Amino acid sequence: MADQDSRAGERYATAQILDYTARTHHPADPALERAFEAPARHGMPEIQLGPAEGRLLELLLRLVNAHKVVEIGTLAGYSALWMARALPPGGHLWTIESDPTHAGVAAEVIGEAGLGDRVSIIRGDAAEVLPKLSDSGPFCAVFVDADKARYDAYGRWATENLRTGGLLIGDNAYLFGRLLDDVVEAAAMRRFHEEMAKHYRSVCIPTPDGLAVGLRVDPEA
Ligand code: SAH
Ligand code: DHB
Ligand code: MG
């Protein structure tokens, strides 16, 4: 029974099935499609979330009534756009990006979508930005999708700065298949998982590279 979730190789999702389910559940949306294509258009790495993962972020944020959200790793603003759409009036997303080119493209993408007033793109290294951002908390959700060697530090910051019932979400939770290897990024990612398991009610969803999701539980409970 221990390996119920590890029936590796059983892949029922064909490209055609994924296309059908995406079209059916979240019909084509020109602004999101433009944002998805922005990295390719600007010669940036194409490492944004997939559309179903973006949709999942939107739903998760809606489920916890998230109104103050932090993203670490903006790229061209694709995941930010999904999350910004989940916010109620007056809600806000702070998204941190260290690469000036990426931040510039993201500002364009978010502006074109008409969501500039709900999103602050903070330019800088998350390690320097996060301590200052604490003043704007506590937050309802933190999405981690930047440098993998610092996921442990980002997870600890989230635990300090999320409200009870808030969400911590981490992309690339399988670390490109290297989660169990003897490298620094893997040790940091495993500490991120362990931090979540300790302070959250959590799960790692088997997306292509794993999406860890945790609900912050009452520290006193
Ligand atoms: N969340 C995005 C993808 C992020 S890709 C989406 O799904 O659309 C990872 C991004 O993190 C890259 O743009 C990279 O420049 C940025 N990044 C890496 N290390 C960082 C750091 N220390 N601080 C801020 N951003 C960082
Ligand atoms: C890379 C980073 C990501 O966040 C991702 O989802 C895929 C790839 C990378 O740095 O290569
Ligand atoms: Mg990622």
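This report describes the magnesium site and the surroundings of two ligands in a predicted model.

## The magnesium site

The magnesium ion (ligand 3) has three residues as its protein donors, namely Asp145 through OD, Asp171 through OD and Asn172 through OD1, and these lie 2.0 to 2.1 Å from the ion. Along the sequence the donor residues follow the spacing D-x25-D-N. Distant parts of the chain are thereby linked, since Asp145 belongs to the loop between strand 4 (139–144) and helix 7 (151–161), while Asn172, 27 residues apart from Asp145, belongs to the loop between strand 5 (162–171) and helix 8 (184–199).

Asp145 has a relative accessible area of 14% and counts as buried because this value is under 20%. Asn172 is likewise buried, with a relative accessible area of 9%. The side chain of Asn172 also makes a polar contact of 2.8 Å with the side chain of Asp209.

## The surroundings of ligand 1

Ligand 1 sits in the second largest pocket, and the elements that contribute two or more residues to the shell around this ligand are helix 4 (78–86) and strand 2 (92–97). The ligand is surrounded by 23 residues, of which Gly73, Ser79, Glu97, His102 and Asp145 are the closest. Asp145 is thus listed here and also among the donors of the magnesium ion.

Nitrogen atoms of ligand 1 take part in several pairings with the protein. A backbone N or O atom of Gly73 lies 2.9 Å from a nitrogen atom of the ligand, and a backbone N or O atom of Ala126 is likewise found 2.9 Å from a nitrogen atom of ligand 1. Asp147 contributes through its side chain, where a polar atom lies 3.2 Å from a nitrogen atom of ligand 1. Of the 590 Å² of accessible area that ligand 1 has on its own, the protein covers 90%.

## The surroundings of ligand 2

Ligand 2 also sits in the second largest pocket, where the residues around it are Ile47, Asp145, Lys148, Asp171, Asn172 and Phe176. Among them are Asp145, Asp171 and Asn172, which are the protein donors of the magnesium ion.

Side chains reach oxygen atoms of ligand 2 in the following pairs. A polar side-chain atom of Lys148 lies 2.9 Å from an oxygen atom of the ligand, whereas for Asp171 the distance from a side-chain N or O atom to an oxygen atom of ligand 2 is 3.0 Å. For Asn172, a polar side-chain atom lies 2.8 Å from an oxygen atom of ligand 2. The protein covers 62% of the 290 Å² of accessible area that ligand 2 has on its own.

Note on methods. Residues numbered from 1 in each chain as written. Chains lettered and ligands numbered in written order. Predicted model: local features only at pLDDT ≥ 70, side-chain atom pairs only at ≥ 80, totals over all residues. Heavy atoms only, no water. Donors = N, O, S within 2.8 Å, 3.2 Å for Na, K, Ca; no water. Helix = DSSP H or I, 4+ residues; strand = E, 2+ residues; numbered from the N terminus. Buried < 20%, exposed > 50% of the residue type's maximum accessible area, 1.4 Å probe, protein only. Near = heavy atom within 4 Å. Polar contact = N/O pair within 3.5 Å; in protein donor to acceptor, adjacent residues only side chain to side chain. Areas by Shrake-Rupley, 256 points an atom, 1.4 Å probe, with all protein chains shown as cover. 1 Å grid on protein atoms, 1.4 Å probe; cavity = no way out; pocket = protein on both sides within 12 Å on 5 of 7 lines; lining within 4 Å. Sits in = over half its atoms within 2 Å of the grid points.
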